[in-house]
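Dear colleague,

I am passing on the structure below and would be glad if you could look it over. My notes on what was found in it follow directly after.

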Amino acid sequence: MTESDDRPDDKALPFTAHLEELRTRMIRSFVAIVIGASAAYAFKEKLFDVLTRPLIEVMGRDGKIIFTGLPEAFFTYLKVSLLAGVFLAAPVILFEFWMFVAPGLYKKERRLLGPVIMLSTLFFVGGALFGYFFVFPWGFKFFLGFASETLTALPSMKEYLGFVSKLLIAFGIAFELPIIITCLAALGLVSTAFLRKNRKYAVVIFFIVGAILTPPDVVTQIMMALPLIVLYELSIVGAMIFGRKKEAVAENDADSPDPETPAG
């Protein structure tokens, strides 16, 4: 392998070319979402039943979800299909994102894009599943705990879908943290020492992010922040595994004698 083979692409593209490439990849991602949403529309009722199952289980047998406007059910089903389309198109979206970043990577780093794309997809879906199976039941119990003899919960389709779709996407994106930090460590942009030193600041940021991405209550905020803290620790392990090799190569290059410098 020559020295030039291990460098990022040397052909500097103009800014307009980068914008054109970004536009192309965004269009491909949008087309993938439309295709996924079109396929999911045939199962819109079943998909909505799956989304509402955690709430119905907490509400009990008498629990019902209503719609207050004539077109509300129709547009809600469209949004359910769109949400499903986003998750079905997640591999394509992540692929297009990493391919947009790829020209700035070394060739040996570009070889890792396949596993990175696969892991990114798994972590995104895993984050959404964590929100669905663990956060939703606790959060719904908290909210429905305010019901009384004179107060009855009657959630509407529109409000419920907006609530759960925001949480599902938020948890999916949040679970990408180990992948992003590990990639930054592999590129030499962050180090294990830096991550450990700034751990306390990261914890504060996670609670702030939890407050922004989740509804305004302490329960869901904590249930967003705690997994982020665990994922941050996992990111440190990833940085130790993949970042240490880069540091070792740099040290070996620094210790090796200059071939143009005569010995002695």
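I begin with one residue: leaving aside its neighbours within four places in sequence, T52 is in contact with I65 and Y160, where contact means heavy atoms within 4.5 Å. T52 lies in helix α2 and is buried, with a relative accessible area of 6%; buried means under 20% relative accessible area, exposed over 50% and partly exposed in between, using a 1.4 Å probe and protein chains only.

Please keep in mind that this is a predicted model, in which local features need pLDDT of at least 70 and side-chain atom pairs count only at pLDDT 80 or more, while totals for chains, interfaces and linings use all residues. Residues are numbered from 1 along each chain as its sequence is written, and side-chain values use heavy atoms, with hydrogens and water left out.

As to the overall build, the protein has 11 helices and 0 strands, these being DSSP runs numbered from the N terminus (H or I of at least four residues for helices, E of at least two for strands). Of its 264 residues, 34% count as buried, and among contacts between residues at least 6 apart in sequence, 83% join residues at least 24 apart.

The largest nonpolar core has 36 residues, and those that touch the most other members are L51, F136, L168, L177, F206, L228 and Y232. Such a core is a set of buried Ala, Val, Leu, Ile, Met, Phe, Trp, Tyr and Cys residues joined through side-chain atoms within 4.5 Å. The elements giving two or more residues to this core include α2 (44-59), α3 (72-88), α6 (113-144) and α11 (218-255), and the largest share, 9 residues, comes from α7. Y232, leaving aside its neighbours within four places in sequence, is in contact with L177, I181, L195, N198, R199, A202 and F206. Apart from the largest core lies another, of 9 residues, among them W98, A102, I117 and C183.

Helix α8 deserves a look alongside these cores, as 7 of its 10 residues are buried, namely L177, P178, I179, I181, T182, C183 and A185. Just after α8, G188 takes a positive phi of about 80 degrees.

Two helix pairs are described next. In the pair of α6 and α7, the helices pack at an angle of about 135 degrees with their axes 7 Å apart, the axes being lines fitted to C-alpha atoms, for helices over the stretch in contact, and the angles running from 0 to 180 degrees between N-to-C directions. The two are therefore oblique to each other, given that angles under 35 degrees count as roughly parallel, over 145 as roughly antiparallel, 65 to 115 as roughly perpendicular and the rest as oblique. Residues of α6 including F123, F136 and F143 meet residues of α7 including Y160, L168 and I173, and by class this contact has 17 nonpolar, 3 polar and no charged residues. Here Ala, Val, Leu, Ile, Met, Phe, Trp, Tyr, Cys and Pro count as nonpolar, Asp, Glu, Lys and Arg as charged, and the others, Gly among them, as polar.

In the other pair, helix α1 (residues 15-41) and α3 pack at an angle of about 125 degrees, again with axes 7 Å apart, and that makes α1 oblique to α3. I33, G36, A37, A40 and Y41 in α1 meet residues of α3, among them F74, Y77 and L88, and the contact has 11 nonpolar, 3 polar and no charged residues.

With kind regards
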